[in-house]
Amino acid sequence: MPIDATLPYDDQNIFARILRGEIPAKRVYEDDFAIAFHDINPQAPTHLLVIPRGRYVSWDDFSARASDAEIAGFVRAVGAVARAAGLVVPGYRLLANTGPDSHQEVPHLHVHLFAGRKLGPMLAGRDG
Ligand code: AMP
């Protein structure tokens, strides 16, 4: 179910549990600010998720409340994940769904990183 990006943070959400190591994930990167792991239902040959370690529901929440250090650390982590995966030259796409119209499902900020093929038009059709 799509979530309301203005809800309070839920410590039981699936990505909070991955961060705590309570459920497994195929991690590819971690530092003080972020972790990255493979999406469980990949939509491209490479489909990674990068999430901040902090308790932020959405891009809206993160951009409003996170410290400058957290924001810089997270943005740098997204770039580092892509470089480490060798994706800069072939190219990649970033996506951060925020709120119901975007179909955000997990209420912990995550940036999708897609790569590994021509990714096609930016958005699906009007019925999306
Ligand atoms: P969104 O619709 O932007 O909220 O995307 C949520 C993403 O999380 C989807 O692409 C799911 O496939 C992915 N996902 C859900 N549960 C897990 C999990 N346990 N491990 C990895 N990815 C997951």
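**Close-up views of a predicted model**

**View 1. Ala34 in strand β2.** Ala34 has a relative accessibility of 0% and therefore counts as buried. The structure shown is a predicted model. Ala34 is part of strand β2, which spans residues 34–38. Ser67 follows 33 residues further along the chain, and the C-alpha atoms of Ala34 and Ser67 are separated by 14 Å. Strand β2 also takes part in the ligand site, where it supplies at least two residues of the shell around the ligand.

**View 2. Ala77 of helix α3 and its distance to Ala34.** Helix α3 covers residues 68–84, and Ala77 is found in this helix. Ala77 is buried, because its relative accessible area is 0%, under the 20% limit. In sequence, Ala77 and Ala34 are 43 residues apart, while 6.4 Å separates their C-alpha atoms. Ala34, at the other end of this distance, belongs to strand β2 and is likewise buried at 0% relative accessibility.

**View 3. The ligand in its pocket.** The ligand occupies the largest pocket. Around the ligand there are 16 residues, of which Asp39, Asn97, Glu105, His110 and His112 come nearest. Sorted by class, the shell consists of seven nonpolar, seven polar and two charged residues. Helix α1 (14–19) and strand β2 (34–38) each contribute at least two residues to the shell. The most, three residues, come from α1.

**View 4. Polar atoms close to ligand oxygens.** Glu105 places a polar backbone atom 2.6 Å from an oxygen atom of the ligand. For Val106, a polar backbone atom is 3.1 Å from an oxygen atom of the ligand. With His112 the atom belongs to the side chain: a polar side-chain atom of this residue is 2.8 Å from an oxygen atom of the ligand. The ligand taken alone exposes 500 Å², and 84% of that area is buried by the protein. Of the residues in this view, Glu105 and His112 are among those that come nearest to the ligand.

**View 5. The side-chain pair His112 and His47.** His112 belongs to strand β5, which runs through residues 111–115. His47 lies in strand β3, formed by residues 46–52. A polar contact of 2.8 Å connects the side chains of these two histidines. Both ends of the contact are buried: His112 has 10% relative accessibility, and His47 has 3%. Each value is under 20%, so both residues fall in the buried class. The side chain of His112 also has a polar atom 2.8 Å from an oxygen atom of the ligand.

**View 6. Phe114 in strand β5.** Phe114 is placed in strand β5, as is His112. With a relative accessible area of 11%, Phe114 is under the 20% limit and is therefore buried. Leu87 is 27 residues away from Phe114 in sequence, and the C-alpha to C-alpha distance between the two is 9.4 Å.

**View 7. The backbone at His103.** His103 is located in the loop that lies between β4 (93–95) and β5 (111–115). The phi angle of His103 is near 70°, which is a positive value in a residue other than glycine. His103 counts as partly exposed because its relative accessibility of 44% is between the 20% and 50% limits. By contrast, His112 in the strand after this loop is buried at 10% relative accessibility.

How values were computed:
Residues numbered from 1 in each chain as written. Predicted model: local features only at pLDDT ≥ 70, side-chain atom pairs only at ≥ 80, totals over all residues. Heavy atoms only, no water. Near = heavy atom within 4 Å. Polar contact = N/O pair within 3.5 Å; in protein donor to acceptor, adjacent residues only side chain to side chain. Areas by Shrake-Rupley, 256 points an atom, 1.4 Å probe, with all protein chains shown as cover. 1 Å grid on protein atoms, 1.4 Å probe; cavity = no way out; pocket = protein on both sides within 12 Å on 5 of 7 lines; lining within 4 Å. Sits in = over half its atoms within 2 Å of the grid points. Helix = DSSP H or I, 4+ residues; strand = E, 2+ residues; numbered from the N terminus. Nonpolar A, V, L, I, M, F, W, Y, C, P; charged D, E, K, R; others polar. Buried < 20%, exposed > 50% of the residue type's maximum accessible area, 1.4 Å probe, protein only.
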